[in-house]
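Good morning, and thank you for making time for this presentation. I would ask everyone to look first at the sequence and the structure on the screen.

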Amino acid sequence: MSGAPSLMMLLGDSLEAVYREAGDLEERGKCFQAFHLLLRVAEVGPPPLAARALNNAAVILSEHGFEDDARELLRSALRQDANCAEARENLACLGERSS
């Protein structure tokens with residue numbers, strides 16, 4: 001008997017839809033709603049998607065003057081997916097080298 005399905009298994013492709021909705025919200029100037037959705041995706045998404053979500057959340061923070069918090073999220077993104085080029089580039093733009 002298998003265990004209960006994970007949230008990721010239940011949501012499937014809808015996590016990508018939530019990620020896209022966050023992007024749409026950000027484009028419409030609703031950055032706080034977008035930030036919230038991105039963090040939810042990062043909590044339950046698979047590493048590549050979680051890293052992209054954390055990267056985008058970090059961009060929102062940086063754009064609003066929260067650069068230290070943005071760096072922290074970018075480092076988290078790289079822990080999720082060390083190959084996340086956007087997170088690596090954004091961290092470098094914020095003056096920090098990633099390893």
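I shall begin with the overall fold and then turn to individual residues and their contacts.

Please keep in mind throughout that this is a predicted model. The protein contains 6 helices and 0 strands. Read from the N terminus, its elements follow the order α-α-α-α-α-α. Of its 99 residues, 32% count as buried. Among contacts with a separation of 6 or more, 42% join residues that are 24 or more positions apart. A search of the whole structure for aromatic pairs returns 0, while the number of salt bridges is 5.

Let me turn to helix 2, which covers residues 14–27. One of its residues is E16. Is E16 buried, partly exposed or exposed? E16 is partly exposed, because its relative accessible area is 28%, and the buried class requires a value under 20% while the exposed class requires one over 50%. Setting aside residues up to four places away in sequence, E16 touches L49 and R52. E16 and L49 are 33 residues apart along the chain, yet their C-alpha atoms are separated by 7.8 Å. With R52 there is a polar contact, side chain to side chain, at 3.3 Å.

R52 has a further partner to report. It lies over the face of Y19, at 4.7 Å from the ring centre. R52 therefore appears twice in this account, once in the polar contact with the side chain of E16 and once over the ring of Y19.

Y19 also leads us to V41, a residue of helix 3. Which residues does V41 touch, beyond those up to four places away in sequence? They are L15, V18, Y19, L49 and A53. V41 counts as buried because its relative accessible area is 1%, which is under the 20% limit. The C-alpha atoms of V41 and A17 are separated by 9.9 Å, and these two residues are 24 positions apart along the chain. L49 deserves a second mention here, as a contact of V41 and also of E16.

The next residue is N55, in helix 4. N55 is buried, because its relative accessible area is 4%. Where, then, are its contacts, leaving aside neighbours within four places in sequence? N55 is in contact with L74, A77, E86, A87 and N90.

Two of those contacts, L74 and A77, bring us to helix 5, since both are among its buried residues. The full set of buried residues in helix 5 is A70, R71, L73, L74, S76, A77 and L78. What covers them includes helix 3 (31–44), helix 4 (47–63) and helix 6 (85–93). The length of helix 5 can also be checked. This helix has 14 residues, 67–80, and at 1.5 Å a residue it should span 20 Å; its end C-alpha atoms are 20 Å apart, so the two values agree.

I shall close with the salt bridges, beginning in helix 5. D68 forms a salt bridge with R71, and their closest N and O atoms are 2.8 Å apart. Both residues lie in helix 5, 3 residues apart, which is about one turn of the helix. Their exposure can be set side by side. D68 is exposed, because its relative accessible area is 59%, whereas R71 is buried at 17%. E67 joins D68 and R71 in a network of salt bridges.

Helix 3 holds a pair with the spacing of about one turn, namely R40 and E43, 3 residues apart. Their salt bridge has its closest N and O atoms 2.6 Å apart. R40 is partly exposed at 33% relative accessibility, and E43 is exposed at 56%.

The last pair is E21 and R28, whose side chains meet in a salt bridge at 4.0 Å, N to O. E21 counts as partly exposed because its relative accessibility is 32%. R28 is exposed, with a relative accessible area of 51%, and the exposed class begins over 50%.

To summarise, this predicted model has 6 helices and 0 strands, with V41 buried in helix 3 and N55 buried in helix 4. Thank you for your attention.

Technical notes. Residues are numbered from 1 along each chain as its sequence is written. This is a predicted model: local features need pLDDT of at least 70, side-chain atom pairs count only at pLDDT 80 or more; totals for chains, interfaces and linings use all residues. Side-chain values use heavy atoms; hydrogens and water are left out. Helices (H or I, at least four residues) and strands (E, at least two) are DSSP runs, numbered from the N terminus. Buried means under 20% relative accessible area, exposed over 50%, partly exposed in between (1.4 Å probe, protein chains only). Contact means heavy atoms within 4.5 Å. A polar contact is a pair of N or O atoms within 3.5 Å; within protein, one must be able to donate a hydrogen and the other to accept it, and residues adjacent in sequence count only if both atoms are side-chain atoms. The expected span of a helix is 1.5 Å times one less than its number of residues. Rings of Phe, Tyr and Trp (its six-membered ring) pair if their centres lie within 6.5 Å; planes under 30 degrees apart count as stacked, over 60 as edge-to-face and the rest as tilted. A charge sits over a ring if NZ of Lys or CZ of Arg is within 6 Å of the ring centre and within 35 degrees of the ring normal.
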